[in-house]
Amino acid sequence: MSGRPSVRRRGLTLALGLALLAGRAGAQPHDDGLPELNPAVQTLLKAPYLSDTERRRLRVEHGVWEQADLAEPALAARAALLSGRYTDESLSNPEAAPEDRAEALLRIGDARRALEVLTGATSLRALRLITEASEDLGDTARATEAIKATRTRLEDFAALTGDDISEGVRTLLIASRRGPGDLPDFNALMQMLGEARTSKDPLSWRVALSEAQLLLDKDNPGEAFTALEQALSLNPRAAESINLLVQVTISQMDVAQVMSRVETLDELSGGTSLDGMLALARLRLYQRDPSAAIEMIDAILALHPSQREALAMRAAASASHFDDAGTERDLAAFAKVWPGSGAGLVEVGLAQSGARQYEDAEKTLRAACSKAPGWAEAWIELGLVQAQAGRDDAARESLDEARRLDPFNIRAANTLTMLTDLARFKSIESEHFIVRYKEGDDLVLAREMPAVLEKIYERVTGNGPGGIDHKPAGRTLIDLMPDHAMFAVRITGMPQLHTIAAATGPLVAMEAPRVGAGHSTGVYDWSRVIQHEFTHTVTLSRTKNRLPHWFTEASAVYLEDAPRDESRCMMLARALDNDQLFDLDTINVAFARPQKAQDRGMAYAQGHWMYEFIVEKWGAGAPLKMMDQYAAGVREAQAMESVLGVSRVAFLDQFKSWARAQVVSWGLAMPEGIPSVKELLAQSKSEGGSGTTPTPELIDGWLKKYPGHPQVLELAVSAALDKNEGKVSDEVVPLIERFALAAPVKHLPHRVLAKFYLDKGDGERAIPHLEFMDIREVYNPAIAVELSKRYAALSRWEEAFQKSERATRIAPYDAANRELAATMAIKAGHLDAAARHIDALTILEPDREVHRKRLEAVKKLMQATPPSGPGGN
């Protein structure tokens, strides 16, 4: 609503706004997906003293208009703009406010016409639009003039409305991208908006929107989200607010919320909205689906050839496709239309970084910094790329500059703090790795890592089965982060990340595997996790960081060198049986855009399964030849044809046939000609049985006919255990052993037999079953501890020692595990390993003098005893 509000409206809105000032309750959604209008606004709209004209204007301003309110051309245009209908004919009406007409033109990318429309306009909103358009068109003189006029107008604060102040703040935010100069800083701008809200108009949704924009500019999505909720409670139909909310949820990869809000944008616009299409295109880029993004972006550009965001994303999508010529073409197209903007370069740099093309990303982002040297965002993204590439000194320089330009940006501050702390880390170097760790008890793990890492190096880079047969240039950095927040900042710049380790290429970061505050997962088998992540480092090096998402994860899971656990086997078997396996397109989408909770886990499992199939059918060299094809820029379909000699469709058909045989071998499906339990029950029903519940008599009969039937054996074992209150008896052991052979992926027979033999004191017979479980365990050292003790009871000291070592790899900060490992090392004759574990105890439990005494004793033994070998690592 243009113009200053009447005195009576100002008085009422100030009074009604007290509810907002007391606290910012989140807007509650209506059934139509729009939030409920704030009660204070509802009360204002019912005020008896409002004229019909005032009431109509207020209803439009707060997004609750009815069709009858839009008879006035200016109000019809305002409603069209608010709801995202930027090409509505009402916005071509000369009676529409020039600011509304210009904002719609700017949104569709027609900045020059927008400036023509604003000729002679002097409102603070007009000055903001002139600044925005002129900056991006490279007309710095006109933009500077508008910025100066804005600053002059803001000096007369008392004469301004809340909406005026919000527009002035937005102009200063744009101006800040030139560099801080003598502009008001973040705190001053937030104070201006706070005063606008408290002393001018508590019901101005534009003030809340400006606050959200300012907070997002500082990478503070949490508080920005709260401000956007407030803005939408004051105008539920403001597409600009909803669109900004969508940007927040895209960055958080909250796909369900993104899709819901895009639907709302489309409903507001009366069809497919420009804002919604741009949001979906950005989502697809975030999800590493550039083909889908390009399809949407090209549709937008067909309608609006100069749309700024679409042009920038088009270049980013080409970069995500590794299309260098296309990227240059699209950047040139962007620069031709928007010669003053560095946004296209930043978009491309982010896409290249996301594709781990760090050298290209750094080059592009340096160009962005050169084009817009005062724009903190360009420097922040450059610093983050350098940090991910392990170039910490360069990252600190870039982020120092970003911090100078914008001392209030949270992501820059987080990463700079992390890098400053990291510079104080200690390091341990081996031939192929540099392990960095925080001084303190992380030393106990860090000094054990190089020996294990070098074994991982030989396995992953070697030419053994599944080995990548490639050695990356230079040493790989392994950053052992003391807590989850620091690990997450290392990877993303923000303190939340839903994983415990990640590889960015030449750098692998991991959260310390320990229990306690600040740790997301607790203990875990760090060596297995790092072997997975280091495989990424090697495959990305061999392929120049160019390979399908499923393929890079598949090779990493394959090289974990661990069998599938039962849950993954069951998941794969169900998907195959129900014809729900992914195809070669949807499997890539499932990693980034899962439709169901288990989709990402299923994508990992199926990718590994397909990789295993390739190795088995075409040999261990086939995946490596495919990697070389990807490195040369060949797409997946061509690579399969060239290396495997089959199309993608034929590959999947052959894979499914092979997979069915695998599922049968797992005991999770029946061979041809053998009925399942379901079929046996149906047969029983036809012969007069219930057809629903297998009786003991039926199970006995089936066992006689099909003695190796895994499903029947599972029923028989379950019935026997139930009959004996879950306990195993001597009589049922042969039956359980038959079940274990018939269904070799099932955990139950090994679990119950291990307990049975341990309870009987027959540790030797428990060992095979404990080994079955231990090799599949990632997060619990208890089985390795038990195995160590069982081997020790048999005086099998080397095996006892190796299992105690495994326990310390899963839980390296656990003093009890260290005690056990030290004991077993001495028994096995590995005095050097014993000293290592006892020394670790002096760090973990510095107040226990006994550890120092034991360490001295072991060192004396070592002096009197010849070395025993490598010490168990």
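Here is a short Q and A on how the labels for this predicted model follow from its values.

The model is predicted, and local features need pLDDT of at least 70, side-chain atom pairs count only at pLDDT 80 or more, while totals for chains, interfaces and linings use all residues. Residues are numbered from 1 along each chain as its sequence is written, and side-chain values use heavy atoms, with hydrogens and water left out.

Q: What makes up the secondary structure of the protein chain?
A: It comes to 46 helices and 5 strands. Helices here are DSSP runs of H or I with at least four residues, strands are E runs of at least two, and both are numbered from the N terminus. As for extent, the C-alpha atoms fill a box of roughly 95 × 80 × 60 Å along the principal axes.

Q: Why is valine 255 called buried?
A: Its relative accessible area is 16%, and buried means under 20%, with exposed over 50% and partly exposed in between (1.4 Å probe, protein chains only). So valine 255, at 16%, counts as buried. Valine 255 lies in helix H15, residues 255-269. Across the protein chain, 56% of the 873 residues count as buried.

Q: Why is aspartate 579 called exposed?
A: Aspartate 579 has a relative accessible area of 60%, so it passes the 50% mark for exposed. Its place is in the loop between helix H30 (566-577) and helix H31 (586-592). Aspartate 579 also has a positive phi of about 55°, although it is not a glycine.

Q: What makes serine 795 partly exposed?
A: Serine 795 comes out at 49%, so it falls between the two cut-offs. Serine 795 sits in the loop between helix H42 (782-793) and helix H43 (797-810). Its phi is positive too, near 60°, in a residue other than glycine.

Q: How do you know which class arginine 403 belongs to, and what does it touch?
A: At a relative accessible area of 33%, arginine 403 is partly exposed. It lies in helix H23, residues 392-405. Leaving out residues up to four places away in sequence, arginine 403 touches Ala413 and Leu416, where contact means heavy atoms within 4.5 Å.

Q: How do you know that the buried residues of H34 are on the same side?
A: In helix H34 (residues 636-643), the buried ones are Glu636, Ala639 and Met640. They cover an arc of only 100° around the axis, which puts them on the same side of H34; the arc is that of the directions from the helix axis to the C-beta atoms. Their cover includes helix H29 (549-558), helix H33 (621-631) and helix H35 (648-665). H34 is followed by glycine 645, whose phi is positive, near 75°.

Q: Why is H18 called roughly parallel to H20?
A: Helix H18 (residues 308-320) and helix H20 (residues 343-354) pack at an angle of about 30°, with axes 8 Å apart. That makes H18 roughly parallel to H20, since angles under 35 degrees count as roughly parallel, over 145 as roughly antiparallel, 65 to 115 as roughly perpendicular and the rest as oblique. The axes are lines fitted to C-alpha atoms, for helices over the stretch in contact, and angles run from 0 to 180 degrees between N-to-C directions.

Q: What makes H18 roughly antiparallel to H19?
A: The axes of H18 and helix H19 (residues 324-337) come within 8 Å and cross at roughly 165°. That value is over 145, so H18 is roughly antiparallel to H19. Residues of H18 in this contact include Leu311 and Arg314, and those of H19 include Leu331 and Phe334. By class, the contact of H18 with H19 has 8 nonpolar, 3 polar and 4 charged residues. Here Ala, Val, Leu, Ile, Met, Phe, Trp, Tyr, Cys and Pro count as nonpolar, Asp, Glu, Lys and Arg as charged, and the others, Gly among them, as polar.

Q: Why is H11 called roughly antiparallel to H12?
A: Helix H11 (residues 186-200) and helix H12 (residues 205-217) cross at roughly 165°, and their axes come within 10 Å. The angle is over 145, so H11 is roughly antiparallel to H12. Among the residues that meet are Phe186 and Leu193 in H11 and Val207 and Leu214 in H12. That contact divides into 8 nonpolar, 1 polar and 2 charged residues.
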